[in-house]
Amino acid sequence: MGFVIAVQFLDYIWATLVLLGIEKLRVIKGFTAGSMLDSYFHPYSHSLIAAVVWSCVGAFVYKTVCSRVGYPCTRSAALIVGLAVFSHWILDLVAHPRDLAIYDNTLKVGFGLWNYRDPEFALEIGLLGAGILLYLTRNVMPAIRKGAVIAFGAALVVIQIGDTYVPRYPLTARQTVMGVWIFYTLFVVVAFFIEKIGSRRQTKML
Ligand SMILES: [Zn+2]
């Protein structure tokens, strides 16, 4: 669950700042083949420098919360949380058209995989599959939790198919970021309950 929050952290900040009117977003039908989002101003959540800062914040918050609740937290665990936060920027760099600033709102980069719908979809599903496989093989868990993890993965695939291939009217910028908040939080809640399955509350989880 901690990782679900960590990898979505930058988009949580982004969605919040767009709602507050600080960062800007245009939703344009057909802007890229795989996404309608024209994020023309998001320096505080999505510039490279901001991503590094937020990754440090993520690692620091993780370490602080861990020691508050008495959960053993090593330096390397905090580092991994920081890297998980930063991995979001790397994947955005691959997917986004040139809208990611290096600092402030200048020197924009982005490889634009969103312009190629099928390869982009294949990458998303491949990463999801690899993540689930890693989670299932690196953790000992009862069969029922394994089933729940696979079902959650299948649901995410369905959502991704809908998002990528089902034609729809563009939402407003506000609706888009509200949707980000609602769906991302839903994913965190689902991950929280999946981790609970069969783990007789002997561990506190973040
Ligand atoms: Zn992002």
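Along the sequence, the residues that donate to the zinc ion follow the spacing D-x34-H-x41-H-x3-D. In this predicted model, the protein donors are D11 (OD), H46 (NE2), H88 (NE2) and D92 (OD), at distances of 2.1 to 2.2 Å from the zinc ion. The angles among the four donor atoms run from 87 to 175°, and the site is irregular. A tetrahedral assignment would require all angles to lie between 85 and 135 degrees, and the upper end of the range, 175°, falls outside that window.

The short x3 step at the end of the spacing can be read from the secondary structure. H88 and D92 both belong to helix α4 (residues 75-95), and because they are four residues apart there, about one helical turn separates them. Both are also shielded from solvent: H88 is buried at a relative accessible area of 10%, and D92 is likewise buried, with 11% relative accessibility.

A further donor, H46, leads to the nonpolar interior, for H46 is among the residues in contact with W14. Beyond its neighbours within four places in sequence, W14 also touches E23, L25, L37, S39, H42, S45, V177 and V180. W14, L25 and V177 are the residues with the most contacts inside the largest nonpolar core, which has 20 residues. At least two residues of this core come from each of α1 (2-19), α5 (117-138), α6 (143-165) and α7 (173-196). Helix α7 makes the greatest contribution to this core, supplying seven residues. A second core, separate from this one, comprises 15 residues, among them A59, A84, F86 and L100. In soluble globular proteins, nonpolar side chains tend to be buried together.

Strand β1 (residues 24-27) includes V27. In sequence, V27 and T176 are 149 residues apart, yet their C-alpha atoms are 8.3 Å apart in space. T176 is also one of the residues that V27 touches beyond four places in sequence; the others are M36, L37, P170, L171, T172 and A173. L37 thus appears among the contacts of V27 and among those of W14.

Two of the helices can be followed in greater detail. Helix α6 has 23 residues and spans 33 Å from its first C-alpha to its last, close to the 33 Å expected at 1.5 Å a residue. Its buried residues are R145, A148, V149, F152, G153, Q160 and T164. The elements covering these buried positions of α6 include α5 and α7.

Helix α3 (residues 48-69) has 22 residues and reaches 32 Å between its first and last C-alpha, again close to the expected value, here 32 Å at 1.5 Å a residue. The buried residues of α3 are A50, A51, S55, G58, A59, Y62 and C66. Of these, A59 also belongs to the second core. Among the elements that cover the buried residues of α3 are α1, α2 (43-46) and α4. After α3 comes G70, which has a positive phi near 75°.

C66, in α3, raises the matter of disulfides, of which the structure holds zero. For C66, the nearest cysteine sulfur is that of C73, at 4.0 Å, and C66 is in no disulfide. C73 is in no disulfide either, and its nearest cysteine sulfur is that of C66. Because a disulfide is assigned here to a pair of cysteine sulfur atoms within 2.5 Å, the distance of 4.0 Å leaves C66 and C73 unpaired. Both cysteines are nonetheless buried: C66 has a relative accessibility of 1%, and C73 has one of 17%.

Backbone geometry supplies the last stop. Most residues other than glycine have a negative phi. D104 departs from this pattern with a positive phi of about 45°, although it is not a glycine. D104 is located in the loop between β3 (100-103) and β4 (106-109), where it counts as partly exposed at 48% relative accessibility. L107, also not a glycine, has a positive phi of about 55°. L107 lies within strand β4 itself, and its relative accessible area of 54% makes it exposed.

Key. Residues numbered from 1 in each chain as written. Predicted model: local features only at pLDDT ≥ 70, side-chain atom pairs only at ≥ 80, totals over all residues. Heavy atoms only, no water. Contact = heavy atoms within 4.5 Å. Donors = N, O, S within 2.8 Å, 3.2 Å for Na, K, Ca; no water. Tetrahedral: all angles 85-135°; square planar, octahedral: opposite > 155°, others 65-115°. Buried < 20%, exposed > 50% of the residue type's maximum accessible area, 1.4 Å probe, protein only. Core = buried A, V, L, I, M, F, W, Y, C linked by side-chain atoms within 4.5 Å. Expected span 1.5 Å × (residues − 1).
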